[in-house]
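Reader: I'm new to reading protein structures, and I'd like to take one part slowly. Could you walk me through how the helices sit against each other, and then show me what else is worth a look?

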Amino acid sequence: MTDTAQRPASARTRVLLVEDERALLRALAMNLVARGYAVAEADTGAKALVALSDQTIDVIVLDLGLPDMSGVDVIRAVREYASTPIIVLSARSGSADKVEALDLGADDYVTKPFSMDELLARLRATSRRVDAVGDEVVAEIGSVRIDLAMTTATGADGRPIHLTPTEWKILDVLLRRPGKLVPGDVLLTAVRGSSDHTDPSYLRIYFAQLRRKLEPEPSRPRHLITEPGMGYRYRP
Ligand code: CA
C-alpha cells in the first residue's frame with residue numbers, strides 16, 4: 001500500500017488493457033503509450049481486478065475471452081463498486097457476449113479484428129463522455145469537506161486531512177451512495193479486488209481510522225455508520 005492517492009488534474013488518461021493475447025496486448029500498449037496514454041496491463045480477469053483496486057484507472061479496455069474468467073464476469077465485478085468506463089473487445093460481431101456486456105454496464109465495444117484508429121476513436125469518445133458527465137462528488141462529513149474527484153479532504157479550519165488510498169477507495173464507494181446500505185463484501189471487493197478470505201476486522205479497522213480523521217466525535221459516529229451484520233452507510 002502506498003500513500004500516493006493524489007494525482008494532478010493534468011494527469012494523462014490511464015487505460016487498463018485486459019487481454020490475454022500477448023502480441024495484441026503489446027501492440028495496443030505500444031500504440032497507446034505513443035499517443036500519450038498511461039497504460040496498465042493485465043492478461044487475466046483476476047489481475048485486472050487487482051490492478052483496479054491498486055491504481056487509478058480512467059478507462060478499461062476489456063477482452064471478453066479471458067483464460068480465468070469471462071470478461072462479462074469482470075464487468076459484473078467492476079460495476080459492483082465503480083463506474084469506470086469499459087470498452088469491450090469482442091471476438092465476433094453480433095455475439096451474445098457483447099449484448100450481455102453492454103447490458104451489464106460496458107460503455108462501448110469494438111469487434112475483432114479492429115484497427116488501432118477505431119479503438120482510439122472509441123477511447124476519445126468515452127473519455128469525452130466521462131468529462132461531460134463529470135465524475136465529481138463533493139460530500140461533507142461534519143465540517144470536513146471531501147472532494148472525491150480531487151481526492152482532497154479539508155477540515156473546518158482549511159487544513160488538509162491526509163487519507164490513504166484504501167481510505168479513499170472506501171469513501172469513494174460510500175459517499176457516492178448517500179443514505180444507502182453498502183454491504184461489507186461490496187466494500188471489500190472495492191478495496192481488495194475480492195471479498196474472499198478476508199478477516200472481517202479488516203473493514204472495522206479502516207472505519208475506526210476514518211472516523212478518527214473525519215467524524216466530529218469519533219466514538220459516536222454520525223456520518224460513517226456501521227449497520228451490524230449488514231454493512232455500512234454514509235449519512236450526510
Ligand atoms: Ca482472449
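Author: Here is a walk through two helix pairs, followed by a metal site and two spots in the backbone.

Keep in mind that this is a predicted model. To get your bearings, the protein has eight helices and eleven strands. Of its 236 residues, 46% are buried. If you take the contacts with a separation of 6 or more, 57% of them join residues 24 or more positions apart.

Let's start with helix α3, which covers residues 71–79. Which of its residues are buried? They are Gly71, Val72, Val74, Ile75, Ala77 and Val78. Now try finding what lies over them: the cover includes the helices α2 (45–54) and α4 (96–103), along with the strands β3 (59–63) and β4 (86–90).

Let's zoom in on one of those neighbours, α2. Two packed helices are described by the angle between their axes and the distance between the axes. For α2 and α3, that angle is about 20°, and the axes are 10 Å apart. Angles under 35 degrees count as roughly parallel, so α2 and α3 are roughly parallel to each other. The crossing of α2 past α3 is right-handed. On the α2 side you'll find Gly45, Leu49 and Leu52, and they meet Val74, Ala77 and Val78 of α3. Sorted by class, this contact has five nonpolar residues, one polar and no charged ones. An α-helix has 3.6 residues a turn, so residues three or four places apart point the same way. With that in mind, look again at Val74, Ala77 and Val78 on the α3 side of the contact.

Now for the second pair. Helix α6 spans residues 165–175, and ten of its eleven residues are buried, so the rest of the structure largely encloses α6. Among the buried ones are Trp168, Leu171 and Leu175, and also Glu167 and Lys169.

The partner to look at here is helix α7, residues 184–192: α6 and α7 pack at an angle of about 135°, with their axes 9 Å apart. That angle makes α6 and α7 oblique to each other. Their crossing is right-handed. From α6, the contact takes in Thr166, Lys169, Ile170, Val173 and Leu174, and from α7 it takes in Val186, Leu187, Ala190 and Val191. By class, that comes to seven nonpolar residues, one polar and one charged.

Next, the metal site. What holds the calcium ion on the protein side? The donors are Asp20 (OD), Asp63 (OD) and Gly65 (O), and they lie 2.2 to 2.3 Å from the ion. Along the chain, the donors follow the spacing D-x42-D-x1-G. Asp63 has 5% relative accessibility, so Asp63 counts as buried. Gly65, on the other hand, is partly exposed, with a relative accessible area of 44%.

Finally, there are two backbone spots to hunt for. The peptide bond from Lys112 to Pro113 is cis, with omega near -5°. You'll find Pro113 in the loop between β5 (108–111) and α5 (116–133). The other spot is Thr151, in the loop between β7 (144–147) and β8 (152–154). Phi of Thr151 is near 45°, a positive value in a residue other than glycine. Is Thr151 buried or exposed? At 15% relative accessibility, Thr151 counts as buried.

Terms used
Residues numbered from 1 in each chain as written. Predicted model: local features only at pLDDT ≥ 70, side-chain atom pairs only at ≥ 80, totals over all residues. Heavy atoms only, no water. Donors = N, O, S within 2.8 Å, 3.2 Å for Na, K, Ca; no water. Buried < 20%, exposed > 50% of the residue type's maximum accessible area, 1.4 Å probe, protein only. Helix = DSSP H or I, 4+ residues; strand = E, 2+ residues; numbered from the N terminus. Contact = heavy atoms within 4.5 Å. Axes fitted to C-alpha atoms, helices over the stretch in contact; angles between N-to-C directions. Parallel < 35°, antiparallel > 145°, perpendicular 65-115°, else oblique. Left-handed = near helix turned anticlockwise from the far one by under 90°. Nonpolar A, V, L, I, M, F, W, Y, C, P; charged D, E, K, R; others polar.
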